[in-house]
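The following exercises concern the empty and occupied spaces of a protein and the ligand bound to it. Please consult the sequence and the structure while working through each solution.

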Amino acid sequence: MPAIRELLEFYAEAGVDTAIGEIAVDRFAGEPSPAPAGAPRARAAAAAPVPRAPQPAAPPTPDAAALDARNAVAGVQTLDELRAALERFEGCALRATATRLVFADGNPNARLMMVGEAPGRDEDIEGLPFVGRSGKLLDLMLAAIGLDRTQVYIANVIPWRPPGNRTPTPQETQICLPFIRKQIELVDPDILVCLGGPSTAALLGTRDGITKTRGRWFSYDTGKRQIRAMPTFHPAFLLRSPLQKRLAWRDFLAIKKALAH
Ligand code: URA
């Protein structure tokens, strides 16, 4: 059926590549069609009511969900407890469309922690951050300064894949922020690297874009102490703009130097 194939291709190009339920929901059913202008009232009223599809319970407001998130991490003492708290957490709608939680990869005792934006398709399938194309580039960049994943801890601001890899909303970021902050506190790295603008904005609170902030040292308060933090380009951006790799290389050399102290 060419029409169906074309429709599916259209969906794939638009990033609609995730089934979120077993049964299709006709969202138009149940909306009574408006009576045509000038139609007698009685005719519109007599139209047979169309049964409404069952509606899921309303999700908590972003503020309520962010409060739930802060409460969820309040007593957490270990990374295992944090993962369990995230597995239980119902306040972020992304968990319903993601295949699984993408918590972290690498060494929880590492002195260097890197934080990206959110998992993509490959990460969602494997349950590990940065395993797709941008992850392969990240591994090469780490190798260039003599590091591999046994010496780095890697996580994301958002631990569930946004459908179709769309940008997480500010509300989703706000809701997930207490979890990544707690993760940084528990790992307690000496150096934090924010991969890309969204991670930099979320964790360092900067309004400047990544081209301005990259390569600069910031101070990050883990809740226990101040550590050094550096924004750098996201590897996915470097795949699209390979000329910028020379600036990223400078950042990685600065990170290597900082780790030597
Ligand atoms: N991009 C991210 O920001 N994080 C990942 O884990 C993968 C791609």
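Three exercises with worked solutions follow, and they refer to a predicted model.

**Exercise 1. Identify the residues that surround the ligand and the polar contacts that they make with it.**

Solution.

Step 1. List the shell. The ligand is surrounded by Gly116, Glu117, Ala118, Pro119, Glu123, Pro129, Phe130, Ser134, Asn156 and His234.

Step 2. Sort the shell by residue class. Four of its residues are nonpolar, four are polar and two are charged.

Step 3. Look for pairs of N or O atoms within 3.5 Å. On the nitrogen side of the ligand, a polar side-chain atom of Asn156 is 2.8 Å from a ligand nitrogen, and a polar backbone atom of Ala118 is 3.1 Å from a ligand nitrogen. For ligand oxygen, a polar side-chain atom of His234 lies at 2.8 Å from one such atom.

Step 4. Assess the cover. Taken on its own, the ligand has 240 Å² of accessible area, of which the protein covers 92%.

**Exercise 2. Determine which space the ligand takes, and describe the lining of that space.**

Solution.

Step 1. Locate the ligand. The space that it takes is the largest pocket.

Step 2. State the volume. The largest pocket holds about 620 Å³ of space.

Step 3. Find the centre. The pocket is lined by 29 residues, and the closest to its centre are Glu117, Ala118, Ser134, His234 and Ala236.

Step 4. Assign the lining to elements. Two or more lining residues come from each of helix 6 (121–126), helix 7 (133–144), helix 9 (197–204), helix 10 (210–213) and helix 11 (235–240). Helix 11 gives the largest share, with four residues.

Step 5. Classify the lining. It divides into 11 nonpolar, 11 polar and seven charged residues.

**Exercise 3. Count the cavities of 30 Å³ or more, and characterise the largest cavity.**

Solution.

Step 1. Apply the cut-off. One cavity of 30 Å³ or more is counted.

Step 2. State the volume. The largest cavity has a volume of about 60 Å³.

Step 3. Name the lining. It consists of Leu86, Val102, Phe103, Ala155, Asn156, Val157, Pro159, Cys176, Phe179, Ile180 and Gln183.

Step 4. Assign the lining to elements. Strand 3 (152–156) and helix 8 (170–187) each supply at least two of these residues. The largest share, four residues, comes from helix 8.

Step 5. Classify the lining. Nine of its residues are nonpolar, two are polar and none is charged.

Step 6. Relate the cavity to the ligand. Asn156 lines the largest cavity and also belongs to the shell around the ligand.

Definitions and conventions
Residues are numbered from 1 along each chain as its sequence is written. This is a predicted model: local features need pLDDT of at least 70, side-chain atom pairs count only at pLDDT 80 or more; totals for chains, interfaces and linings use all residues. Side-chain values use heavy atoms; hydrogens and water are left out. On a 1 Å grid over the protein atoms alone, a cavity is a set of points where a 1.4 Å probe fits but cannot get out, and a pocket is an open set with protein on both sides within 12 Å along at least five of seven lines; lining residues have an atom within 4 Å of a point. Grid points are joined across faces, edges and corners, and a volume is the space filled by probe spheres set on the points. Ala, Val, Leu, Ile, Met, Phe, Trp, Tyr, Cys and Pro count as nonpolar, Asp, Glu, Lys and Arg as charged, and the others, Gly among them, as polar. A residue is near a molecule or strand if one of its heavy atoms lies within 4 Å of it. A polar contact is a pair of N or O atoms within 3.5 Å; within protein, one must be able to donate a hydrogen and the other to accept it, and residues adjacent in sequence count only if both atoms are side-chain atoms. Accessible areas come from the Shrake-Rupley method with a 1.4 Å probe; for residues, only the protein chains shown count as cover. A molecule sits in a cavity or pocket if more than half of its atoms lie within 2 Å of its grid points.
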